[in-house]
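Here are a few short exercises to work through with the model open beside you. Try each task yourself before reading on to its solution.

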Amino acid sequence: MLKKTWRFLTSMKFAILLLAVLTLACVFGSVIPQGGTLDEYLGAYGERGGALIVGLCLDDVFHSAWFLVLTVLLVCDLLYCNLIRLPSLFSRMKRFRDPQTAWRLSEAAQAFDEAGTPAGEEAEPKPARRRQEPAVCTVKQVPDAAAVFETLHMKPVSGERAGRKTLFAAQNSVGLWGAWVTHLGILLLIVGFTLGQTTRQLYTVHGVPGQTLPVGDTGCTLTINDFDVSLTDSGVASQFTSDVTMRDPAGVTESAVVSVNRPGDLFGYKVFQNSIGTAAKVTVTKDGAVVQEEVLCAGDYLYVLDTPMALFFDGYYRDALDFGGMKADAFAWSTYYNGVYSETRYQAEGETAISTDSIRVVFSEPQSYTLLQLKRERFIWLVLLGGLVTLAGLVLSFYLQPRRLWAEQTEAGWTVHGESRKGGALFRDRLREAAGENGPKTT
């Protein structure tokens with residue numbers, strides 16, 4: 001029982017099962033927004049759906065304990081499968097280059113051929129016998145075996161067997177490693193992806209020129225020096241460009257110009273121009289004196305002094321107001337009291353958004369803000385390495401065909417044997433063509 005369980009846990013079947021589960025988990029991680037709150041999931045997927053997502057850690061798939069455990073099991077299984085195959089692969093390569101194994105293979109093929117088909121049976125061998133048939137092509141009565149080797153671009157080594165001259169050549173034996181190298185590449189890809197997801201640092205910063213903003217919990221700050229939106233002749237935005245400066249906790253600064261599809265590098269972070277939006281200046285006065293003045297980007301909150309009221313800036317919209325047929329742009333904002341939504345209003349520039357006996361709130365100066373994403377992935381090199389190794393394995397598997405030729409001189413001419421581990425039918429045709437057989441016997 002223990003042996004059967006161990007064989008299953010170290011088999012490719014178990015690895016494929018783990019890979020299928022992890023693939024499904026990655027799909028959930030891509031479809032379901034990650035890092036949200038329970039209330040957000042309850043609102044988006046309902047009470048049962050939201051509770052199930054949070055309970056199964058689908059809100060943070062790539063950092064969940066079960067995802068990491070399954071990944072470790074898959075890595076160990078693939079590593080074990082690759083390691084236990086190493087001795088047999090070395091032995092296989094050695095046998096493939098050994099002329100003696102080639103002669104034994106041709107003798108086995110001859111014995112199979114001489115056995116023939118028993119009387120009364122079908123002319124074609126049964127499937128069970130066909131699987132046992134050695135994959136060897138033999139061409140007899142060849143006048144010049146060296147010419148066959150030359151035509152197939154294989155350099156033979158001369159020898160002697162039972163007093164007869166022999167030729168032998170093995171080519172592309174490294175192709176036997178194709179599957180092994182491909183599995184190694186997949187292993188590196190999985191490890192690189194997992195380490196990258198679990199250690200990845202991702203921060204989002206948004207603001208307007210002149211603002212200096214914190215970058216998450218890194219202790220770094222990002223200053224937006226300038227932001228430009230390029231427009232086409234029809235007025236459609238074609239490119240967004242941000243000029244930014246980043247300062248680390250030690251006071252060292254680095255600058256970069258970032259635009260769409262042209263990220264910058266700052267202190268090991270890739271800085272991406274992610275999006276843009278509208279912003280506005282909000283001025284709060286109390287008894288005529290300015291007590292709060294901030295620039296709010298769409299989606300930001302402003303807590304008004306020490307009151308239970310908070311303002312949420314929805315955005316700035318063109319021609320949102322209608323004054324007797326006259327269109328006017330407007331700021332959209334919502335009010336919350338003690339965290340509970342109250343109402344949404346539209347207000348023209350400069351008009352009082354909220355007014356009490358002593359507090360007055362006004363929106364003004366609409367402008368565009370830039371949204372930047374800073375990402376650091378320390379193991380991207382491992383993913384790239386895994387991709388290259390996988391590509392190398394596929395090249396070995398599909399383009400390097402291990403093949404060998406061996407020939408023996410007889411009284412009737414040369415007998416040439418050929419074997420190809422991949423594309424055997426094509427190689428047999430090429431061998432027969434090279435032998436120029438219009439009379440030589442082939443098997």
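## Exercise 1: Helix 2 against helix 4

Helix 2 (residues 12-31) packs against helix 4 at an angle of about 145 degrees, and their axes are 9 Å apart. Keep in mind that this is a predicted model.

**Task.** Find which residues make the contact of helix 2 with helix 4, and sort them by class.

**Solution.**
1. Begin with the crossing: helix 2 passes helix 4 in a left-handed one.
2. On the helix 2 side, the contact is made by M12, F14, A15, L18, L19, V21, L22, A25 and C26.
3. Helix 4 contributes W66, F67, L70, T71, L73, L74, D77, L78 and C81.
4. Sorted by class, the contact has 16 nonpolar residues, one polar and one charged.

## Exercise 2: Helix 4 against helix 8

**Task.** Work out whether helix 4 and helix 8 are roughly parallel or roughly antiparallel, then list the contact residues of both helices.

**Solution.**
1. Take the geometry: helix 4 (residues 65-96) and helix 8 (residues 178-199) pack at about 155 degrees, with axes 10 Å apart.
2. Angles over 145 degrees count as roughly antiparallel, so helix 4 and helix 8 are roughly antiparallel to each other.
3. The crossing of this pair is left-handed.
4. From helix 4, the contact uses F67, L68, T71, L74, V75, L78, L79, N82, R85, L86 and L89.
5. From helix 8 come A179, W180, H183, L184, L187, I190, V191, F193, T194 and T198.
6. The classes in the contact of helix 4 with helix 8 are 15 nonpolar, five polar and one charged.

## Exercise 3: An open sheet

**Task.** In the open sheet of five strands, give the strand order and say which strands stand at the edges.

**Solution.**
1. The order is 1-19-18-3-2, and the pairing is antiparallel.
2. Strand 1 (137-142) and strand 2 (157-161) each have a single partner strand, so they stand at the edges with one side lacking a neighbour in the sheet.
3. Neighbouring strands here are turned by 20 degrees against each other on average, direction ignored.
4. Now zoom in on one pair: strand 3 (residues 164-171) and strand 18 (residues 403-410) are antiparallel and share six bridges.
5. To locate one bridge, start at A170, whose partner in strand 18 is R404.

## Exercise 4: Strand 17 and its pairings

**Task.** Say how many bridges join strand 17 to strand 4 and how many join strand 17 to strand 10.

**Solution.**
1. Strand 4 (residues 201-207) runs antiparallel to strand 17 (residues 359-376), and seven bridges join them.
2. In this pairing, Q201 has R376 of strand 17 as its bridge partner.
3. Strand 10 (residues 269-286) also runs antiparallel to strand 17, joined by 15 bridges.
4. Look for T283, which stands opposite V362 in strand 17.

## Exercise 5: Positive phi in two loops

**Task.** For C57 and N338, decide whether each is buried, partly exposed or exposed.

**Solution.**
1. Recall the background: most residues other than glycine have a negative phi.
2. C57 goes against that habit, with a phi near 60 degrees. C57 lies in the loop between helix 3 (38-55) and helix 4.
3. The relative accessibility of C57 is 31%, so C57 counts as partly exposed.
4. N338 has a positive phi of about 55 degrees, although it is not a glycine. The loop holding N338 runs between strand 14 (326-337) and strand 15 (340-347).
5. With a relative accessible area of 64%, N338 is exposed.

Conventions:
Residues are numbered from 1 along each chain as its sequence is written. This is a predicted model: local features need pLDDT of at least 70, side-chain atom pairs count only at pLDDT 80 or more; totals for chains, interfaces and linings use all residues. Side-chain values use heavy atoms; hydrogens and water are left out. Axes are lines fitted to C-alpha atoms, for helices over the stretch in contact, and angles run from 0 to 180 degrees between N-to-C directions. Helices (H or I, at least four residues) and strands (E, at least two) are DSSP runs, numbered from the N terminus. Angles under 35 degrees count as roughly parallel, over 145 as roughly antiparallel, 65 to 115 as roughly perpendicular and the rest as oblique. A crossing is left-handed if the near helix is turned anticlockwise from the far one by less than a right angle, and right-handed if clockwise. Contact means heavy atoms within 4.5 Å. Ala, Val, Leu, Ile, Met, Phe, Trp, Tyr, Cys and Pro count as nonpolar, Asp, Glu, Lys and Arg as charged, and the others, Gly among them, as polar. Two strands pair if DSSP finds at least two bridges between them. Buried means under 20% relative accessible area, exposed over 50%, partly exposed in between (1.4 Å probe, protein chains only).
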